[in-house]
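Hi everyone, thanks for coming. I'll walk you through one protein today, so please have a look at it first.

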Amino acid sequence: MSVEEKEYDFVIIGSGLGGLECAYILAEEGYSVVVLEKNHQIGGNLQVFSRDKSIFDTGVHYIGGLDEGENLDQFFKYFGMRDSLKWKRMDEDCFDLIRIEGKEFKYAQGYDKFSKSLIAQFPEEEEAIMKFCSEIKSICEDFPLYNLKSITKDNIFGDIDMLSRNAYDVIASITSNKLLQNVLAATNGLYAGEKDTTPWFVHALVLNSYLTGAYRLMDGGSQISIHLSKAIRAFGGEVLKRKIVTGANFHEDGKIKEVVLSTGETVKGKNFISNVHPAVTIDIFGEKRFLKPYVRRVKNLPNTISSFITHIVFKENTFKYMNYNTYCVNDKDVWDCLNYNQKNWPKGIFVCTPASSKSEEYADCMSIMAYMDYKEVEQWETTFNTVAQKGERGGEYEKFKATKEAKLVEEVEKMYPGIKEHIKSVHSTTPLTFRDYIGDKTGSLYGILKDSNNPLKSVINPKTRIKNLSLTGQNIILHGVLGATIGAFVTCFNHVDKHKLIDKVRNS
Ligand SMILES: Cc1cc2nc3c(=O)[nH]c(=O)nc-3n(C[C@H](O)[C@H](O)[C@H](O)COP(=O)(O)OP(=O)(O)OC[C@H]3O[C@@H](n4cnc5c(N)ncnc54)[C@H](O)[C@@H]3O)c2cc1C
């Protein structure tokens, strides 16, 4: 039977991590599923690309919570991903190196090592560092679903007081030492944190996950999407590429009958799950199908800032592999890196050398990431360019890219003098690259910005007004590999017995 003739139990729009995980869970439960992906490659932010035979990750550089028995380890065992993928545990004593004000600070794995390492550099701040750790552990314990032990609670988002605490305020209340405040918040690029709005729970959940097992995937994050799609197919499901969902046809009762693709083809289903940004999902299914206040709210929610990323390919065996990331901040306030101008960009960079099976000793390549506002590329926003839909953005855009790229190369030359000598080639991505490949509106790094001032406003319910349409992905609970995974389970709780499913995860 052709795709157009079938009626699937679940039609999933988008093959990002959330979409693939929903498809896996539902197919494993015996439902017929099809995943429709607009791109040439599946995985959304898990996609990789290769230049000069080096593999680069687009949107996953390291993954946390993977030590034995930790939350993502348990979820990934359920998906069969702990043994079958090639993982590399990052340095025990330093998985993240923080460079601020010319000094270096090491984030070590495990609370004990993490606190000892920082106390060695801030001996007078021992009490504050211990309090910081206990505050993180306590919020992680209380956050239902993040902690598999408290998963039986019905409220998946925890209580409002917990969501309303602001990350900057909590850290400032723990210590008045400005340098330590900066060090404790230095990895806020992991969620594109904003001083006035980022909730404490976001900082705590993200940092806790890396403290409980920080790993890289050897040869790229696409291992995850390839594994999941193979498993979905083994359960009888389908994962189809180059299928752009542009609209839908409805039954008289308002339920979706079928989605319409850019080619005019249709795919019928009983249920539909959108892994696409909620604001874009509204456009696909039509504003009039949702309540006006919902449309207004979702479309007006601010999104996290975008990024400019430069990828360097090294000459063979010339630059040593670093089994840690570096966060280099060129500002007195780590929360201010987003507020840059043309003169002081970049105020902060993230640097990593991806793990490659080619060599343990030498780095194959390096990625350098800096925040970039979508406004910087807005003048080229009518252009579009992906592998599936080729296009040109023009000479001025290429010049813009080259200037920014050179700036980031200079930044790493300052950090590692002589690195330029080892460069074979350089490649870059801009907010438009992310916009086109992921399908949101501004190439946002992590989707909708969480807001401690109004926490429920930025929480998206996976259920929608259209009875057979749910949402999944980084926007519903939390971004990141762990966040999108938790989100996939929450979405599937609407369709499968939640307790039985979680028991399966616990017993995996
Ligand atoms: C630069 C960067 C670095 C990151 N680093 C890390 C990291 O180190 N660790 C970590 O845990 N997380 C990291 N993240 C975050 C993480 O990658 C994401 O939160 C997560 O992968 C999002 O998954 P998702 O399920 O929301 O799907 P997405 O990745 O958002 O995918 C959505 C999918 O929907 C498809 N789609 C869109 N529109 C349509 C349509 N009309 N029809 C069909 N398909 C459509 C898209 O093509 C895409 O495949 C990073 C993100 C970025 C951008």
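Which radius of gyration would a compact globule with 508 residues have, and what does the protein have? The rule gives a value near 23 Å, and the protein has 22 Å, which agrees. That radius is taken over C-alpha atoms, and the globule rule is 2.2 Å times the number of residues to the power 0.38. Along its principal axes, the C-alpha trace spans about 65 × 55 × 45 Å.

A quick word on where this comes from. This is a predicted model, where local features need pLDDT of at least 70 and side-chain atom pairs count only at pLDDT 80 or more, while totals for chains, interfaces and linings use all residues. Residues are numbered from 1 along each chain as its sequence is written.

Okay, the parts list. You'll find 16 helices and 18 strands; helices (H or I, at least four residues) and strands (E, at least two) are DSSP runs, numbered from the N terminus. The protein is divided into domain 1 (7-86 + 218-301 + 447-507) and domain 2 (305-445), with bounds that come from an automatic or database domain assignment. Their C-alpha centres lie 27 Å apart.

How many residues does each domain bring to the contact? It takes 23 residues from domain 1 and 23 residues from domain 2, and two residues are in contact if their C-beta atoms, placed from the backbone, lie within 7 Å. On the domain 1 side, strand 4 (54-57) and helix 11 (278-285) are the elements that give two or more residues. Strand 4 has the largest share there, four residues. By class, that side of domain 1 has seven nonpolar, nine polar and seven charged residues. For the classes, Ala, Val, Leu, Ile, Met, Phe, Trp, Tyr, Cys and Pro count as nonpolar, Asp, Glu, Lys and Arg as charged, and the others, Gly among them, as polar.

Just before strand 4, look for K53, which sits in the loop between strand 3 (48-51) and strand 4. Phi of K53 is near 65 degrees, a positive value in a residue other than glycine.

Now the ligand. It is surrounded by 35 residues, and the closest are G14, G16, G18, G44 and G439; a residue counts as near if its C-beta atom, placed from the backbone, lies within 6 Å of the molecule. Both domains join in, with at least three residues of the shell drawn from each of domain 1 and domain 2. Helix 1 (17-28), helix 14 (431-438) and helix 15 (480-492) each supply at least two. The shell divides into 16 nonpolar, 17 polar and two charged residues.

Last topic: helix packing. The axes of helix 5 (residues 126-142) and helix 9 (residues 200-211) come within 9 Å and cross at roughly 95 degrees. Axes here are lines fitted to C-alpha atoms, for helices over the stretch in contact, and angles run from 0 to 180 degrees between N-to-C directions. So helix 5 and helix 9 are roughly perpendicular, a label for angles of 65 to 115 degrees. I136, I139 and C140 in helix 5 meet W200, F201, A204, L205, L207 and N208 in helix 9. Those residues divide into eight nonpolar, one polar and no charged.

Helix 2 (residues 71-78) and helix 16 (residues 498-507) pack at about 100 degrees, with their axes 7 Å apart. Their contact has three nonpolar, one polar and two charged residues.

Technical notes. Parallel < 35°, antiparallel > 145°, perpendicular 65-115°, else oblique.
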